[in-house]
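Biologist: Could you take a close look at the aromatic rings of this protein and describe what surrounds them, in one connected account?

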Amino acid sequence: MNTPSLTSVGLGKSFGSFVAVQGLDLKVEGAKCVGFLGPNGAGKTTTLKMFADMIFPSRGEAFINGISVRKDRKHALSHAGVLIESPEIYPSLSPTEALEMVAEIRGVPRGEQPRRIRSVLDEVKMLDWAHQKVGRFSKGMKQRIQIAAALVHDPEVLILDEPSTGLDPRGMAEVRAIVREQRKHGRLIFMSSHILSEVTDVCDEVALIDRGKLLFYDTLANVTARFSTGNAQVDAVFVRPLDPAQVTGTIAHLPGVKAVELLDPKRVRLGVPPGALEQAQVLEALVALRLGLVSFKESTGALEDVYMQQIARGD
Ligand SMILES: Nc1ncnc2c1ncn2[C@@H]1O[C@H](COP(=O)(O)OP(=O)(O)O)[C@@H](O)[C@H]1O
Ligand SMILES: [Mg+2]
C-alpha cells in the first residue's frame, strides 16, 4: 500500500479579481488525521474542491499520492474518497442499494461489491440499517452513509469538507468518532472544520487557513507548545460574580498562580504550572477562599488564543 499523501504546490484560485486561495504549499503524508481549520470563507471548500478536481485551480497544482489531479485525474482520484457537497441519497433506496450504485461508478469489481459494502457500513456503524430506506434516517445517519460512499473503493486518502456541520450534537459526536477511527485503517484524512474543538478532538495535526492563506501546518502538540507561555491554563467557574478586586488582590497571589484573567464575572482563566500536583495545590487554595467554586478545568486556551489572534489579524 502507498503511503497516502496530499500535496499542493503554489495552489491558488481566484474568482474574478477576488483571490479565494493563494499560493498554497502543503504536504500532508501518512496515516493520520489532519484538520484543515479556518473560519467561514477562509477558502477551505475551494481548496478541497481543487484536490478533488471539482474546480480548476487558477495557479499551481494538486497531487494525491504524488499523482497530479489535473494531468491524471482518474488515477489520482482512484486513491481518494471525497465528501464535499454530495447530493442527497435518493430516499427510497437502502444504504446497500445506494452503495451498489456508487461502487459500480467507482469501478469496484462486482464480485467484491457485497464484501466492500458490508465492510464500509460496518466502519460507519450502519450495518444494522443496511436494508432500511435512507429517507427515514436522521441527518447524522445519512451523513454516515455518505462517508461510507466515499470509502467504498477503499481509498488511502479521505477528503471531508466539514462532515459534522449541520448535525445535532449526537450526530456530530458519531461522525467525529468515525473519523477518529479512520486512522486505524491506514488512511490519511484531510478534514476541514471551522470548529477548533472538533479539530483538537479528532485530529493529530492542524493546518490553519485564513483569507485564502495557509498560516501554519504542524502537529497539535507543537502548535500548542509553540504558542503557550509554559503555563497550563485552567478555567475556574464560580456560582457568584467575583469582585474584581478579589481577583487581582487575592486570586492572583495564591501560590502557584502565575497569571489570572477575568473572562466574565463568574469565570477566571488561571495560568498555572503544568504539573498535576501544582494544579491540585491551586485548586485547594481556591476552594479555601470559599468563593463558591463550581468547576476547575484545563482549557484548550493556548490553541484557542492562536486561532482567535490569527484570524482577527486583518491584512
Ligand atoms: N464560485 C465562487 N464564486 C465567487 N466567489 C466564491 C466562489 N466560491 C467561493 N467563493 C468565495 O471564496 C471564499 C472562500 O470560500 P470557501 O472556500 O467556500 O470558504 P470556506 O469553505 O472556508 O468557508 C469566500 O469568500 C467565498 O465567498
Ligand atoms: Mg466551506
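Modeller: What follows is an account of the aromatic pairs, with some notes on a charge over a ring and on backbone angles.

This is a predicted model, in which local features need pLDDT of at least 70 and side-chain atom pairs count only at pLDDT 80 or more, while totals for chains, interfaces and linings use all residues. Residues are numbered from 1 along each chain as its sequence is written, chains are lettered from A and ligands numbered from 1 in the order in which they are written, and side-chain values use heavy atoms, with hydrogens and water left out.

A pair of aromatic rings is described by the distance of the centres and the angle of the planes. Rings of Phe, Tyr and Trp (its six-membered ring) pair if their centres lie within 6.5 Å, with planes under 30 degrees apart counted as stacked, over 60 as edge-to-face and the rest as tilted. A search of the whole structure finds 3 aromatic pairs. In one of them, the ring centres of F51 and F190 are 6.2 Å apart and the planes stand at 75°, so this pair is edge-to-face. The pair links distant parts of the chain, since F51 belongs to helix α1 (residues 44-51) and F190 to strand β8 (residues 188-193), 139 residues apart; here helices (H or I, at least four residues) and strands (E, at least two) are DSSP runs, numbered from the N terminus. Both F51 and F190 are buried, where buried means under 20% relative accessible area, exposed over 50% and partly exposed in between (1.4 Å probe, protein chains only). F36 joins F51 and F190 in one aromatic cluster.

The rings of W129 and F137 have centres 5.8 Å apart and planes at 80°, so they too form an edge-to-face pair. W129 is partly exposed at 38% relative accessibility, whereas F137 is buried, with a relative accessible area of 6%.

A charge also meets a ring: R70 lies over the face of F56, at 4.3 Å from the ring centre, the criterion being that NZ of Lys or CZ of Arg is within 6 Å of the ring centre and within 35 degrees of the ring normal.

As for the backbone, most residues other than glycine have a negative phi, and most peptide bonds are trans. D53, although not a glycine, has a positive phi of about 55°; D53 is placed in the loop between α1 and β4 (59-64) and counts as buried at 12% relative accessibility. K125 likewise has a positive phi, near 55°, and its place is in the loop between α4 and α5 (139-151), where K125 is partly exposed with a relative accessible area of 47%.
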